[in-house]
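Here's a quick walk through a few helices and a couple of odd backbone angles. Have a look at the chain before reading on.

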Amino acid sequence: MKCRLGGIELTEAKRIICLIDDEFEDLELWYPVYRAREEGAVVQYAGPEKGRKHIGKYGVPAVADLSYEELDAECCDGLLVPGGWAPDKIRRSERVQAFVREIDAAGKPIGQICHAGWVLISAKILQGRKVTSTPGIRDDMENAGALWFDEAVVVDGNLISARRPPDLPEYAKAFCDVLYGRQS
């Protein structure tokens, strides 16, 4: 099946969507994106409005390749959600919530780090799942039914989670391992 996302025809490469909005955590966006691209994946940014530039907490911009309304779970192989303050905005989109549920139901990898857990909480996919996050949202994660661990990376099936930027090397590797069907 050939899919088009944001006007780009996607074929054999793994296709990953990375959710963005203003004040994403720069390292938590760029590190896993570059790591996935090193593996040959195509990564597209999805934001509230196609073509809009979003600025990270430390000033690095990312431009939305497509809007949340264009998200199609059948046309992607995985999802990355960076932390920062952006997840508190991203989580409010009903389309994003539905997309996260579709990706999860299909068993496709979902990578979340730091505050990105808020998006998964709002999508209501954490009941009984093993996760980690920044300790600042531990209560939120547990109140959503998750089993929280203070570990650099936690992999629970298709869900890959990490705490904060120092965990990025382990997190990006684990995400790519799950995406490509390797044991991490």
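What follows covers one helix pair, one buried helix and some positive phi values.

This is a predicted model, where local features need pLDDT of at least 70, side-chain atom pairs count only at pLDDT 80 or more, and totals for chains, interfaces and linings use all residues. Residues are numbered from 1 along each chain as its sequence is written, and side-chain values use heavy atoms, leaving out hydrogens and water.

Start with H1 (residues 26–38) and H6 (residues 168–179), whose axes sit 9 Å apart at an angle of about 45°. Helices here are DSSP runs of H or I with at least four residues, strands E runs with at least two. The crossing of H1 and H6 is right-handed. On the H1 side, the residues in contact (heavy atoms within 4.5 Å) include Tyr-31 and Arg-35, and on the H6 side Tyr-171 and Cys-176 are among them. The contact splits into nine nonpolar, no polar and two charged residues.

Next up is H3 (residues 94–105): its end C-alpha atoms are 16 Å apart, which agrees with the 16 Å expected for 12 residues at 1.5 Å a residue. Its buried residues (under 20% relative accessible area, 1.4 Å probe, protein chains only) include Phe-99, Val-100 and Ile-103. Strand S8 (78–81) and helix H4 (117–123) are among the elements covering them. After H3 comes Gly-107, with a positive phi near 75°.

Two residues that aren't glycine also have positive phi:

| Residue | Phi | Loop |
|---|---|---|
| Cys-114 | about 65° | between S9 and H4 |
| Lys-124 | about 60° | between H4 and S10 (130–131) |

Buried or exposed, which is Cys-114? Cys-114 counts as buried at 10% relative accessibility, while Lys-124, at 69%, counts as exposed (over 50%).

Technical notes:
Axes are lines fitted to C-alpha atoms, for helices over the stretch in contact, and angles run from 0 to 180 degrees between N-to-C directions. A crossing is left-handed if the near helix is turned anticlockwise from the far one by less than a right angle, and right-handed if clockwise. Ala, Val, Leu, Ile, Met, Phe, Trp, Tyr, Cys and Pro count as nonpolar, Asp, Glu, Lys and Arg as charged, and the others, Gly among them, as polar. The expected span of a helix is 1.5 Å times one less than its number of residues.
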